[in-house]
Structure formats: C-alpha cells, structure tokens
Amino acid sequence: MNTVILLTDGYDERSADELVAAQKPFNATIACTAIGVGKDYNYDLMKQLASKGSGLLLFAAEGKELVDLFAKNMLNLASPIAKNVQISITIPKGLQFTKAYGVNTIDIIGNKFTAMLPDLYQDMELPVLIHFLLINNKADQPLLVSINYLNQITGKSETVTEHIQLSDQNNGSSNNPISMNAELKKMYVVAFVNDQLL
Amino acid sequence: VGDVNIKPIANIEVTLQEQSTQQQMKARTNSNGKVDFIITKGKNWAIFIDGYKYEQEVIERDDEASSTLSLYLTHNPALNERMKKQTFARADLKLKIIDQSDLSAGETKPGHFEIEIKVTNSAGRLQTEKEVHVLCLDNKTMYVSFTNDKGVAIFQLPTRQFYDIDVEEQLNASFINNDLPNGYTFYKTLVYDTYDMDEQDLQDTITQKIRLPLIKKNSRAPYDLIMKRSDGSKCSNEPVYLNEVNSKKVYMAITDSNGKALFILPFGKKYLVNFNFQKDVDVLNLTNARGSAAGSLTITYQPNPALEFPEKFIPTPATLLLTDFSYYHTTPYPPRQNPGLPDIFLRTGSPTNKKEIVLETGISALHLPSGKRLPLNVSFVLDKSGSMAGYDRIESLKEGFEKLINQLLPDDRISIFLFDDDMQLLFPSSKIGDRKKAIIELIRSIEPNGGTSMLKAMQAAYAEVKNTICPRL
C-alpha cells in the first residue's frame, strides 16, 4: 500500500485549502492517513486531509494512547485487506429507507439498497447506520445484508451475507418502545446531529 | 578540541555525521588541537570526538548562505558518562528520605564514609542554613542535611554507591563516585548562590522581580526572550508565558521597551512559550542544562486572529461537527462466525418510537497471520514543532514509533520527514532490511522546537512515495 501518514496537531501557518490542494494530484494513487495529536487538534483540517474512501482519520490524544496507536494499529492502517467494498441490502416490505450514515455513494433500485464503503483494514471494525421508517408497524420478512469486496491478498472478489429478523425484535421491544443498545443510540444521535449541521 | 584543563588535544579523531543521510566526515586534530571541515551538503551534522557523541552541539548548514563557524569543544568522556547517569526528576523517584541534619563529625559507621560538603557563594562567602540533598538513585534513597554556621553539611554514606548532590534548587550541583573507601572523611566545596530577585508564586503563576545588572549564578539559567512583530519592529509591553512542561507552573513576564523579557529558569525542565494570542509558540529545553547554562531566543509574534478577535470568528456549522459517530463504537463486535473472512454483525433499535428503525451493520475485517500482508510503501510526516513538546506528545510519539519500527518486515519501504518552520528528511525512502536499529537511533534524536508549516514536508513525502510507487499495492 502506498501511503502518506501525517502526524500533527494540525495548527498550520497555511490554510487548509492550500494543503488540500497540494495533495490533490496524488490522491488517485497514494492514500493519506491523518492522525490528530493532542486533545484539541485541528479536526477540520485533518478530516479534509485524510483521503476519502481509502484514508483514515484517527485521533490520539497523548501519552499511552499515542503509543498504543503506533504499536497496535498503524501497521494495519498502512495496508487495506479489502477494497471496492460494497454493501447491499434487500429492503423488506413494510420498511422505507430514509438515510444512511458511514457510507459513500448510495444507489436505490426497487427494494435494493447499495452503497460503497471505505476500504477495510485488518482488525478494523466499521459501523454503518441505516435509518428506515416502519410503514403500518409491519415488517415480518428478514432483512438481508451482504458485503461484496475485492480481497487484496487473493485478488478475488468475495461476498458475505447475514440476515436479521425484524419481527422478533419488534415483539421484544413492543413493551419498551425506546429499547435500543446504548452504544448504537449514542452513535445514531451523533450521526444525526452531524447530518443536521451540514 | 581541548581537555578539562583547556589543554589542546592533538591527533584525536573528530567525526561529523549528517543526521538523516548518516553520511560521515572524519579528520584528526593538528598539534594545536584544531581540525577544519568544509560542509557542502546535508543539513544537521552531529559531532563525535574519539567516538563519543558531543551532545551539546549540532552543526546546522544553511542552504542559502555560506558561513564560517568556530567551535571550542571540551573532550571529557568520563565526565560525560557520569553526567548521563544523572536525572533531574525528583518527584517521581519515590525516594526514601534519611535525615542526617543532627549528624556531627566523628566516627563513621562500618561500611560508610563521611563527607563534609562546604557551600560558598561565588564570592567565596560561606553559606549557612542551606538545605543539601545527597541522592543515591540505585538505592532510591535521599540523605538530607543543612549547612551549619561554618557552611558545612555533614553526611555519612554507604560506600560503593554513586551519589548526586543538590543544593536547594540547584539540582545535580555535583556528584560523588563509588570509589571512596570506608572509614575516611572527605571534603567537597560547592559554589551555590541565588539570583538577586524576588519571586512570587500566586496559584502556580510565577513572576520574578530581577534586579539589574544581572550577575550570572550557577543555580539557574537566565533566559532572554525577544519578541518582534512580523514587520521587524520591537514588541514591547506584551506578556510572555512559559508553561513548565508536566507541571502547572507558569512563569510570566512583560516585555520591556526593547521587546525583551528576562526569566531566571530552574534547570532540568522544558518550558513551552505562550503569548496572549499565540499558543504553544516554541519550547525552551533546559533538560540537560547545568552550571553556566544560559539562553536567548527571538520569536516573531504572529497573533492568531481567531484568538485576538473571537467576535469575527463565529463558527460555521462545519467547525461545530462532532467527531464521526464511528468514534463512539467502542465495544467490539461478537467473535467472528467465519474465521479468515470479513464478517457482518447486525442489530436494530428504535431511537424514538416504533415508527422508525435504525439498522446497525457492523463490519469487522479479518485478521491476517503476521507476515502475510503485502509490503508497505509509507512516508511519515511528523510534526516536531514546539507545540509537540507539551504533554509528553513527542516522547509518546517516539516510543510508539520505535514499537512500530520493530514490527516492520525487511521488505517494507519507509521514509520519514520532519517539519517545524522548515522541513527535514530524517530517513530517505528505503527498504527496512537490517536498518531497524539505525532508524530507531534517528527517531530518538528528534527534539521539538520551531513553528508549524507542513506543506513542504507533505509535498516531499508524496514525491518520495510516488518515486517508489508500487502499483500492485
């Protein structure tokens, strides 16, 4: 993997535009990972410099966190194991797609939702959030999710599929309408607020 | 090159080594102890005398102008080795304290020697009631006593140990080697005097009233900070703050009519320079300073308009963005069902009412057995500006970097660029091979200072990766 890794607090003499313009000619062939150092690093600049799709923005305050980032994650980051990652979802009857968070380009044809994801790195966990409206409170078919990607080691295209039964979950939460995993709830709120700001 | 008695040393080997390319120049001193070098390339050259690195000085070559530099270097390898053992940390050492202030001269205990430490000021006057500490780092023990009316503090110490001596705030004022025999009494005279000033500490903000003309003492380092405006004019009546790194202490002074602020700083610390409207401007490094150390730094004040006129910088929505939601994913997804393949974890929840559903698709990537990954072609661009000196940032960065280098494979290709106001190629693009040790040495040599300008280093890093690009990766 051809990568440039930037480590800085991001408070530069030059404007973000100048720095972003300087890396532009290389973006097609060279990835950029931006690591924000310090508690109040310049998120705005670092976010723009981390390349879309293949690059990553990481945050490492200081001290042990920074040491661990290098020791455990950096090698993984320099080498993606899956590229051209695409998520496909068959939307069951009774659900209506509204918004997706954490994906790049979205396509909807009939009841088929597809979107591109960033490259996958070793040991990385990537959450994607998709919001649906429930029509008539009814969705009894399972929701099918599959991931198609280009395996960087074998050079082959591969697919993984998983499903979830919505009706079971609906029953389980019917007595407690706000039942939602706390971490999922937090992620959704943050994603929602950011989306409103843009 | 001279010895401790300022006697020239003839025919001794002097080596200059460029810090990033590792290129070397060697020559021997003549009968006057002198050696000449002409430096036509490279940037930072470290000096070695007879194989010993001369820590106090690095020669910096200017690309634009030619110049002549004369250096007088004292070669004392034994002293260098002994000083390297000293530390300025005191609070974290967890020392056992042994009070010897009631001790009077007399019989020594078996296995001990006696030492009488006389403290005078630079005019030779005896100093009474000064607190003297003798530290044994190996045994984590600190012996405490006070100078009596003859200016003498008496200690009885176990033999075969190395000791460092502090007189009040002058840390590592001297040392004792481990070769003193037991049963004898030894004498040592130390010069200690404090600056003629009043120091006020108000909730960790320290202001100093220094009486001029300044007379140099050995207990602390005087440091001049000269502030200029970007048009070159003097910057008077501006506050300068020096934040002691890893402490809450802040030294504060106001620049005089020449734009100068004078500080009298304790040794063994780093200080981050801050102005009213410019933060973490640069760093003053007195970590290894002792005795006659002094310094001066000229800084151009570039007030940050966002700090100076906050009312003109109303945040735009983009600057109010929270960190990406994925940052809040902290609980790992359940173990993989398909080992060796990317896996999907699904869960749903309803954020407000039963009329909406959020589907979380957690994708976890497979873990590769080590050695199976493709080789890397990576260029690192590291910020070594003064602002990186605070909060252990550069130390953590170095430590982490070392661990990373140790995990690399011989076929991995890396390069390392540093930047402050300017950029420096620390390690040109090459395969790791068997050079791990050399790269780690280079990383250890990084010292933060200067401003922040990433552009040149970033461009050079991209060019370096592009030159060696591997299209398959």
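## Confidence in chain A

In this predicted model, chain A is at its shakiest in helix H4 (residues 166-173), where the mean pLDDT is 51. At the other end of the scale sits strand E7 (residues 112-116) of chain A, with a mean of 92. Over the whole of chain A the average is 80, and 81% of the residues score at least 70.

One stretch of chain A calls for some care: residues 168-177 have a pLDDT below 50. Leaving out near neighbours in sequence, that stretch has ten contacts in the model. Where pLDDT is low, the predicted coordinates should not be read in detail.

## Confidence in chain B and overall

Chain B averages a pLDDT of 86, with 95% of the residues scoring at least 70. Its low point is helix H3, at a mean of 66, and its high point is strand E17 (residues 250-254), at 96. For the model as a whole, ipTM comes out at 0.78 and pTM at 0.61.

## Around strand E7 of chain A

Back to E7(A), the strand with the highest confidence in chain A. Strand E4 (residues 80-90) of chain A pairs with E7(A) in the antiparallel sense, over five bridges. One bridge to look at matches A:Ser88 with A:Thr114 in E7(A).

Strand E6 (residues 106-109) of chain A is also an antiparallel partner of E7(A), this time over four bridges. Here A:Ile109 is bridged to A:Lys112 of E7(A). E6(A) and E7(A) form a hairpin with two residues between the strands, and A:Gly110 takes a positive phi near 60° there.

## Where the chains meet

Now for the interface. Chain A brings 98 residues to the contact and chain B brings 86. Together the two chains bury about 8500 Å², with 63% of that on carbon and sulfur atoms. On the chain B side, B:Phe325, B:Ile363 and B:Tyr462 supply 10% of the area buried against chain A, more than any other three residues.

If you're hunting for salt bridges between chain B and chain A, the count is zero. Polar contacts are another matter: 21 residue pairs make them, counting those with both residues at pLDDT 80 or more. Several elements of chain B each give at least two residues to the side that touches chain A, among them strand E22 (343-349), strand E24 (377-383), helix H4 (393-407) and helix H6 (455-467). Helix H3 (317-320) of chain B is also on that list, and this is the helix where chain B has its lowest confidence. By class, the touching side of chain B has 46 nonpolar, 25 polar and 15 charged residues.

## Strands paired across the interface

Strand E9 (residues 125-134) of chain A and E23(B) run antiparallel to each other and pair over nine bridges. A:Leu126 has B:Ile363 as its bridge partner in E23(B). That's a familiar residue: B:Ile363 belongs to the trio that supplies 10% of the area chain B buries against chain A.

## Backbone oddities in chain B

Most residues other than glycine have a negative phi, and most peptide bonds are trans. Chain B has an exception of each kind to check. B:Leu212 and B:Pro213 are joined by a cis peptide bond, with omega at about 0°. B:Pro213 is in the loop between strand E14 (205-210) and strand E15 (221-229) of chain B.

The phi case is B:Gln203: not a glycine, yet its phi is positive, at about 50°. B:Gln203 sits in the loop that runs between strand E13 (197-202) and E14 of chain B.

Technical notes: Residues are numbered from 1 along each chain as its sequence is written. Chains are lettered from A and ligands numbered from 1 in the order in which they are written. This is a predicted model: local features need pLDDT of at least 70, side-chain atom pairs count only at pLDDT 80 or more; totals for chains, interfaces and linings use all residues. Side-chain values use heavy atoms; hydrogens and water are left out. Contact means heavy atoms within 4.5 Å. Buried area is the accessible area (1.4 Å probe) that two parts lose on being put together, summed over both. A salt bridge is a side-chain nitrogen of Lys or Arg within 4 Å of a carboxyl oxygen of Asp or Glu. A polar contact is a pair of N or O atoms within 3.5 Å; within protein, one must be able to donate a hydrogen and the other to accept it, and residues adjacent in sequence count only if both atoms are side-chain atoms. Ala, Val, Leu, Ile, Met, Phe, Trp, Tyr, Cys and Pro count as nonpolar, Asp, Glu, Lys and Arg as charged, and the others, Gly among them, as polar. Two strands pair if DSSP finds at least two bridges between them. pLDDT is the predictor's confidence in each residue, from 0 to 100.
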